[in-house]
Structures are given as C-alpha cells and as structure tokens.
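Subject: Structure handover

Hello,

Here is the structure I promised you. My notes on it follow below.

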Amino acid sequence: MEKDFLPLNGTDHIELYVSNAKQAAFFYQNAFGFETIAYKGLGTGSKTTESFVLKQDKIVLVLSSPLSGGTAIGQHIDKHGDGVKNIALWVDDAKSAFEETVKRGAEIDFEPLKLNDENGEIIIAGIKLYGDTAHVFVERKNYNGVFMPGYVGVTKQLNFEPIGLKYIDHMVANVDWGQMDTWVNFYKNTMGFSQLISFDDKDISTDYTALMSKVMSNGNGRVKFPINEPAKGKKKSQVEEYLQFYGGSGVQHIAMATDNIIETVTTLQNRGIDFLKVPSSYYEELKDRIGKIDEEIKVLAQLGILVDRDEDGYLLQIFTQPLQSRPTLFFEIIQRKGATSFGKGNFKALFEAIEREQAIRGTL
Ligand code: FE2
C-alpha cells in the first residue's frame with residue numbers, strides 16, 4: 001500500500017467564531033458539560049481577540065470573539081453568524097502536512113508558524129476549505145502546556161458536569177450547488193482521503209427536500225467528513241436553507257460520540273437543550289426495521305433517540321436544534337454499537353422533522 005502522505009492522529013480542536021465568546025463558553029460548559037481549560041483575552045495580553053478553550057474527553061472547542069470592530073473575525077460573524085471557522089487536525093509534522101497538501105493543490109490559508117512559550121513549541125499551518133472554513137494542522141509533540149502558546153490555563157473552575165461526550169465521530173459540510181464532487185476530489189487528491197459511502201437524491205428525498213451526500217475518511221478512519229449538496233426538490237431543502245443563512249458553504253453539524261446516549265440526552269434535555277423530534281409512528285415501525293436492541297424502545301421514544309442498523313451492528317443518534325440564532329450549525333449525539341454507517345435509515349424521518357421546523361421558520 002502507498003504511504004499515507006497525510007497521517008492524522010485525529011481532530012485537534014474545532015474553532016468557532018462567535019459573537020459573544022464569554023456567553024457561548026457559559027452555554028457549552030453548563031449545557032453540554034465542557035470544562036474551560038484555557039483562555040486568552042485582555043487579561044493575557046491578547047488585545048484583539050478573546051478565546052475560551054473548552055474540553056470534554058477528546059473533544060476540544062475554541063470559541064473566539066473580536067474585542068473591537070473592523071476585524072476579520074467580526075467580518076466572518078457578520079457574514080456567517082456564529083459558526084465553525086477552523087477544523088484543526090492533529091499531526092506529527094505540520095510543515096510536511098502543509099507542504100504535501102499544498103503540493104497537491106490546497107490553497108494556502110497561512111504558512112507554517114512556530115509558537116513558543118515556556119512549555120515548548122507548537123507548529124501550526126493552514127489550508128483553505130469550502131466557504132471561509134479552513135483546516136489548521138497542529139503539531140504539538142514538543143509542547144506540554146494546556147493548549148497553545150498565547151493561552152493561559154484556567155484553574156479556577158466554574159461548575160461543570162461532563163455528560164459523557166467522548167470524541168468527534170464525524171463533521172458534516174454543506175456545500176453549494178454542484179460543489180460536492182469538487183470537495184470530494186479535494187479530500188481524495190489533496191488530503192489522501194477515500195470515499196466510504198455515497199447517497200444520491202433517491203436515497204435522501206422527501207416530498208419537498210432532496211440532497212446528495214458523500215462520506216470521506218482519512219486512512220486510519222479517525223477523521224470523517226460527510227459532504228452534502230442540495231438537490232432539486234419541490235421546496236427549499238434544508239441544505240439550501242443552511243446555505244442561505246450561513247452565506248455559503250460551511251460546517252452543518254458536529255457529531256459527538258457517547259457511550260450512553262440515554263444518559264447524555266436525558267441530561268441535555270433536563271438542561272434545556274432542544275432536539276429534533278420525529279413523530280411517534282417512527283417508533284411503532286422501529287422494531288420491525290431494527291430487530292433486537294439493548295435499549296427499551298419506550299425510553300428511546302420518550303427522548304426522541306433514533307436507531308439505525310447496518311451489516312456491522314446498530315447505532316443510536318439524535319440531532320439538536322440549531323445552536324445559534326441562524327438555522328445553521330447543530331450537534332449530533334451518536335452512540336455506535338458496531339454500526340459504522342451514518343444513519344441512512346433515519347434520513348427520511350429526520351428530514352420530514354426538519355421540514356416541519358422549516359415550515360415554522362417560514363423557510364420551506
Ligand atoms: Fe451526522
């Protein structure tokens with residue numbers, strides 16, 4: 001087999017540009033159980049940007065806001081609302097990752113940059129993605145600080161209670177009309193990923209909405225990116241709605257894995273997080289479709305958790321409502337019991353649920 005020219009250890013972190021990082025950090029901490037581990041802002045000599053670094057098991061989110069007008073972050077927020085700016089990938093050699101991908105056609109976001117403090121050195125480099133999104137390669141093998149130079153560790157913890165979120169299972173992009181294959185080819189040729197699955201509009205369509213999707217994975221399977229584009233339907237599809245409100249292509253959802261979805265979702269619902277709901281008829285047909293599972297269907301129905309099966313096992317999943325004012329980014333909570341797929345059997349029920357929400361928003 002050919003040597004992997006872009007070996008990835010996994011997702012390093014995801015940076016969101018948000019309009020009020022202080023309040024967003026409070027939300028993700030208190031609702032989703034993240035711990036704030038590092039910070040930069042006026043108090044640490046960062047005059048232009050305030051960022052909070054939140055962690056739960058292997059998942060790291062960075063929430064950044066500008067401290068004045070006329071900034072690049074501010075422009076991003078004005079165009080897109082709150083959303084994902086950087087998908088940072090953890091590598092052993094950031095310079096090599098940068099050079100190998102640029103050599104294969106990646107557009108440069110920023111050149112390799114060495115960051116130093118008393119805890120060592122981090123090297124980062126960036127390449128451009130769909131819309132205004134970017135991949136940042138992060139090399140941290142010579143660093144033993146909390147996050148990165150420029151940030152200080154947060155020791156005085158506010159209350160937080162983790163909810164069992166473990167790692168990022170996958171992250172989904174919505175790209176513009178006709179752009180899916182462009183980005184599939186980018187991941188294939190520039191990043192060395194391979195295609196796991198594809199769905200066309202016959203798989204994923206309801207009376208109103210249609211979309212196409214292909215799932216790209218890196219060599220060791222630690223990083224997976226499904227990529228959606230809208231397809232022609234009778235009314236405006238959820239991907240079109242996203243593109244309109246996000247102002248173009250971007251990250252649609254981040255799927256986070258848990259070992260106990262019933263506990264995780266119960267806690268989230270008790271903390272006021274809203275999820276997409278499917279009609280009760282979904283659960284009446286479930287047993288025939290799925291066969292035997294460990295969980296009680298009654299409990300799943302109460303919480304609105306969806307189930308799908310493939311040849312390797314089954315999975316449980318649920319989707320939050322959008323997490324900010326614009327109907328753009330949301331989270332998926334997923335528990336895999338053998339299944340390696342993405343819940344194709346739930347697409348129809350799910351899209352009908354999204355359409356009901358779109359109808360309420362008047363954007364169908
Ligand atoms: Fe997903």
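His 253 is buried, because its relative accessible area is 7% and the cut-off for buried is under 20%. Note that this is a predicted model. His 253 binds the iron ion through NE2. The other donors are His 170 (NE2) and Glu 332 (OE), and the distances run from 2.0 to 2.2 Å. Along the chain the donors follow the spacing H-x82-H-x78-E. His 253 sits in strand E14 and Glu 332 in strand E17, so this pair links distant parts of the chain, 79 residues apart. Glu 332 is buried too, because its relative accessibility is 1%.

**The sheet**

Strands E14 and E17 belong to an open sheet of eight strands. The order is E11-E12-E13-E10-E14-E17-E16-E15, and the pairing is mixed. The edges are strand E11 (194-199) and strand E15 (306-310), each of which pairs on one side only. From one strand to the next, the twist averages 25°.

Strands of a sheet pair through backbone hydrogen bonds, either parallel or antiparallel. Which sense applies to strands E16 and E17? Strand E16 (residues 313-319) and strand E17 (residues 330-337) are antiparallel, with five bridges. As for a single bridge, Gln 317 has Ile 334 in E17 as its partner.

Helix H6 (residues 261-270) lies across four strands of this sheet: E10 (165-174), E14 (250-258), E16 and E17. Helix H6 runs at about 155° to E17.

**Aromatic pairs**

The count comes to 16 aromatic pairs. Take Tyr 28 and Phe 32: the ring centres are 5.9 Å apart and the planes are at 35°, so the pair is tilted. Both residues are buried.

Phe 32 also pairs with Phe 331. Here the centres are 5.1 Å apart, the planes are at 75°, and the pair is edge-to-face. Where do the two residues sit in the chain? Phe 32 is in the loop between helix H1 (21-30) and strand E2 (35-40), while Phe 331 is in strand E17. They are 299 residues apart, so the pair links distant parts of the chain. Phe 32 counts as buried because its relative accessibility is 0%. Phe 331 counts as buried because its value is 1%.

One aromatic cluster is made up of Tyr 130, Trp 183, Phe 186, Tyr 187, Phe 193 and Phe 225.

Two charged side chains lie over rings. Arg 104 is over the face of Phe 5, at 3.5 Å from the ring centre. Lys 232 is over the face of Trp 177, at 4.3 Å from the ring centre.

**Helix H5 and two backbone angles**

Helix H5 covers residues 238-246. Its buried residues are Gln 238, Val 239, Glu 241, Tyr 242, Leu 243 and Tyr 246. Gly 247 follows H5 and has a positive phi, near 75°.

Most residues other than glycine have a negative phi. Asp 57 is not a glycine, yet its phi is positive, about 50°. Asp 57 is in the loop between strand E3 (49-56) and strand E4 (59-66). Is Asp 57 buried or partly exposed? Asp 57 counts as partly exposed, because its relative accessibility is 40%.

Best wishes

Conventions. Residues numbered from 1 in each chain as written. Predicted model: local features only at pLDDT ≥ 70, side-chain atom pairs only at ≥ 80, totals over all residues. Heavy atoms only, no water. Pairing = 2+ DSSP bridges. Axes fitted to C-alpha atoms, helices over the stretch in contact; angles between N-to-C directions. Contact = heavy atoms within 4.5 Å. Donors = N, O, S within 2.8 Å, 3.2 Å for Na, K, Ca; no water. Buried < 20%, exposed > 50% of the residue type's maximum accessible area, 1.4 Å probe, protein only. Phe/Tyr/Trp six-rings, centres within 6.5 Å; stacked < 30°, edge-to-face > 60°. Lys NZ or Arg CZ within 6 Å of the ring centre and 35° of its normal.
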